[in-house]
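Reader: I've got this one open on my screen and would like a close look at a single part of it. Could you walk me through that spot and then tell me how the rest fits around it?

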Amino acid sequence: MPIKYHQTSQEFHLYNDHISYIIKLLRNGQLGQLYFGARVPDRADHGYLVENGYRPMMSYVYDDYKFSLGNVKQEYPSYGTSDYRMPAVELKQPNGSTVTNFHYISHQIYAGKPALPGLPATYAEDDSEATTLTVTLRDDLTDVEMILYYTIFTDHNAIARSVRFVNQGTAAHQLTTAMSMNLDLPDDDYDWVQFSGAWGRERQKKVAHLRPGIQSVGSTRGASSHMQNPFVILKRPHTDEFQGSAYGFSLIYSGNFLAQAEVDAYKVTRVQMGINPFYFSWKLKPGESFQTPEAVMVYTSEGLNSLSQAFHRLYQTRLARGYWRDRERPILINNWEATYFDFNEEKLLKLAKQAQQLGIELFVLDDGWFGERTKETAGLGDWWVNRDRLPDGISGLSKKIHQLGMLFGLWFEPEMVNKNSDLYRKHPDYIIQTPDLHPSQGRRQYVLDFSWPEVVDYIYRLVAKVIKDGHVDYVKWDMNRNITECYSAAYRPDQQGEIFHRYILGVYKLYDRLTKAFPKVLFESCASGGGRFDAGMLYYAPQTWTSDDSDAGKRLKIQTGTSYCYPTSAMGAHVSVCPNEQVNRITPLKTRGDVAFFGDLGYELDLGKLTDDELTQIKAQVSFMKKYRRLFQFGRFYRLKTPFEGNFTAWLVVSSDQRHAALGYFKMLNDVNAEYRLQRIPGLLADQEYQVKEESGQDCGCYYGQELANIGLVVSDAESEQSAATKQVTDFYSRLFTFEAK
């Protein structure tokens, strides 16, 4: 069994073929952290790793001055008993004290992995895939128990962690900090890598070397946000995409979060991740419990591509679930940029018929089909069809789309309401708002109080009826406003710190009910683009709209940044009109398609305004994607060159059997009289010969995998020539190569 407990040394060793994680009961009964990294041999005692000598200006637990929590690496620390660093737990007691002392009571080791009630989490389909350790600790003063969960996967270099608090006493307490994980590392020689941005430029890679003090990212918006992502990396300074050590930390959660690294005076690095303690408290009543979200930790010694591939494989197969988990995703056309709010059934069917002739498989009706929704100021919350626009209803339109041989999809924004809506007029108390304060404005809409089960039930009934009656195959679930004036009339004053978390639990509950009621419907998460692109959403919706910015040049950075944690199968990637709506850039249709291949391909433009040549190109793109769709969406993804480091981007996907591959090679700005260029191609079978072709069908020759890995493929272009044959080499230029084993 890949978790061993050594009774004499009171040590736990979690291991598989890739990694080891070693923890130990300390002198005071708390858990200490000894090691996390590459697999090491099991031994009975690693106690030599506990260093805890006398240090000036520290405090000590015992009178012999030989044990200070401030000097030792811990598993789940609290504040107030000689550790002055940031705690993982804080429990406010009726007398106002927050000092706790959780000590070991018992542990269990068992095959498999438990589910987390009401929360998304990784899972094991068979008990042989994972082994779980639970360690129960108790604070005698409050009678609160803390259960630490650790699951190590047999075939993944990953450990999943979470914490459950149970009040076994007679008094209520306020849980004000409850992180999902804590990891104390023995030195600080790391680069901190975060993925930050804003609307239209999500998940931009930012790197800085650790320094004394705290480095952190987080959200207090009620969603994981466009601005920060609940995923960070600690890597050694020399680590790059192909070599070197790195740790990745991902939170499977969609609400307010905090991820931070604290470097102390002795260069110990404390990594924490979980619900953001800001504006959080949870009333832990006698007999009740609280479960934190799950955090996943990955270690690799083989570079950042290896780290990302570990997350991709785990999240594709043991986080995403259901009918669409392993299935190729349909190529869609979305009407939004073709019609906006100005549509009727005739316009929609004309667009659908044009798309069907090009081989597109799914027609998606976006915003504006319901209530009085002719503009963004009205109708949200009234999830019934507008018969003035669609006289035969959603069911009538859906039937006509299905008769074309296409799937039918529909846009919802179930978490929001307009003031100008029947729902608001009937239930103004359903929105999140603070009493006696004017609620702030945001996109002319308000956030429904999903912390209140009655509100979730109301929305479920409306949305489920539309999906069922309309025979809907795909749902785009949007969310276009963050939470302000966070307060719920459904809860007592001493529970208002729970509302942000209860809101997300309500979102998860609605997702869970809908996905169970309609298991074959493909859900795509959206939040003004990538404002809630996190692992929590992937548990319910196997793909997410990556960004509202569909410009191919910007998407190179957005999709590259996203790829550090999330697989290509999770990324909605559309071809839109030029000049691009967001940045007004003109980009070749080929480049737009080549970028969008590395995800879930779709189109978002008015096909009726395209030239015959453009329609021919799109038809060829659709055909090409169908042929290589499984490779693009489920192949092993490599970043060969990244747009954060230069003018070129190179993405590679390789099939699981290593017999097929595709390379996208992108140049942002043209150059003149440039150097010759070779691109090495990893991941292929060394002794296998491959036929290499460009997307157009042009033969590039046959090469062995070993040649491609060690010498490379010639990717020089003719940008320095000015003959008629080479004028196609422009700014925002792309090439796409396929590799087929002979």
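Leaving aside its neighbours within four places in sequence, which residues is F165 in contact with?

Author: Happy to. Keep in mind that this is a predicted model. Setting aside anything within four places in sequence, F165 is in contact with Y76, V89, V144, E145, M146, L175, A178, L284, E288, S289, F290 and T292. F165 also belongs to the largest nonpolar core, which has 187 residues, and together with L365 and W369 it touches the most other members. Helix α6, running over residues 453-469, gives this core its largest share, 10 residues. Apart from that core lies another one, of 20 residues, and V654, Y690, V715 and F737 are among them.

Now let's zoom out for a moment. The protein has 742 residues, and 62% of them count as buried. Its secondary structure comes to 12 helices and 38 strands. Take the contacts with a separation of 6 or more: residues 24 or more positions apart account for 70% of them. As for overall dimensions, the C-alpha trace spans about 85 × 70 × 45 Å along its principal axes. The radius of gyration is 27 Å, which agrees with the value near 27 Å that a compact globule of 742 residues would have. On the outside, the protein exposes about 28000 Å², with carbon and sulfur atoms supplying 49% of that area.

Back to single residues, and two polar ones are worth a visit. S68 is in the loop between β4 (31-38) and β5 (89-92). Loop or not, S68 counts as buried, because its relative accessibility is 0%. Its side chain reaches the backbone oxygen of S59 at 2.7 Å. Not counting residues up to four places away in sequence, S68 touches N52, M58, S59, Y60 and S82. Look at S82 in that list: S68 and S82 are 14 residues apart along the chain, yet their C-alpha atoms are separated by 5.9 Å.

The other polar residue is T515, which has its place in helix α7 (residues 499-517). T515 counts as buried too, since its relative accessibility is 16% and the cut-off is under 20%. A polar atom of the T515 side chain lies 2.8 Å from the backbone oxygen of Y511. The backbone oxygen of D512 also has a polar atom of that side chain at 3.1 Å. Once neighbours within four places in sequence are left aside, T515 is in contact with R321, F523 and Y540.

Last stop, the cysteines. A disulfide is a covalent bond between the sulfur atoms of two cysteines. The structure holds zero disulfides. Take C702: the nearest cysteine sulfur belongs to C700 and is 10 Å away, so C702 is in no disulfide, given that a pair needs its sulfur atoms within 2.5 Å. C702 counts as partly exposed, because its relative accessibility is 29%. C578 is partly exposed as well, with a relative accessible area of 24%.

So, to come back to where you started: click on F165, bring up the residues it is in contact with, including Y76, L284 and F290, and then add L365 and W369, which with F165 touch the most other members of the largest nonpolar core.

Methods:
Residues are numbered from 1 along each chain as its sequence is written. This is a predicted model: local features need pLDDT of at least 70, side-chain atom pairs count only at pLDDT 80 or more; totals for chains, interfaces and linings use all residues. Side-chain values use heavy atoms; hydrogens and water are left out. A nonpolar core is a set of buried Ala, Val, Leu, Ile, Met, Phe, Trp, Tyr and Cys residues joined through side-chain atoms within 4.5 Å. Buried means under 20% relative accessible area, exposed over 50%, partly exposed in between (1.4 Å probe, protein chains only). Helices (H or I, at least four residues) and strands (E, at least two) are DSSP runs, numbered from the N terminus. Contact means heavy atoms within 4.5 Å. A polar contact is a pair of N or O atoms within 3.5 Å; within protein, one must be able to donate a hydrogen and the other to accept it, and residues adjacent in sequence count only if both atoms are side-chain atoms. The radius of gyration is taken over C-alpha atoms; the globule rule is 2.2 Å times the number of residues to the power 0.38. Accessible areas come from the Shrake-Rupley method with a 1.4 Å probe; for residues, only the protein chains shown count as cover.
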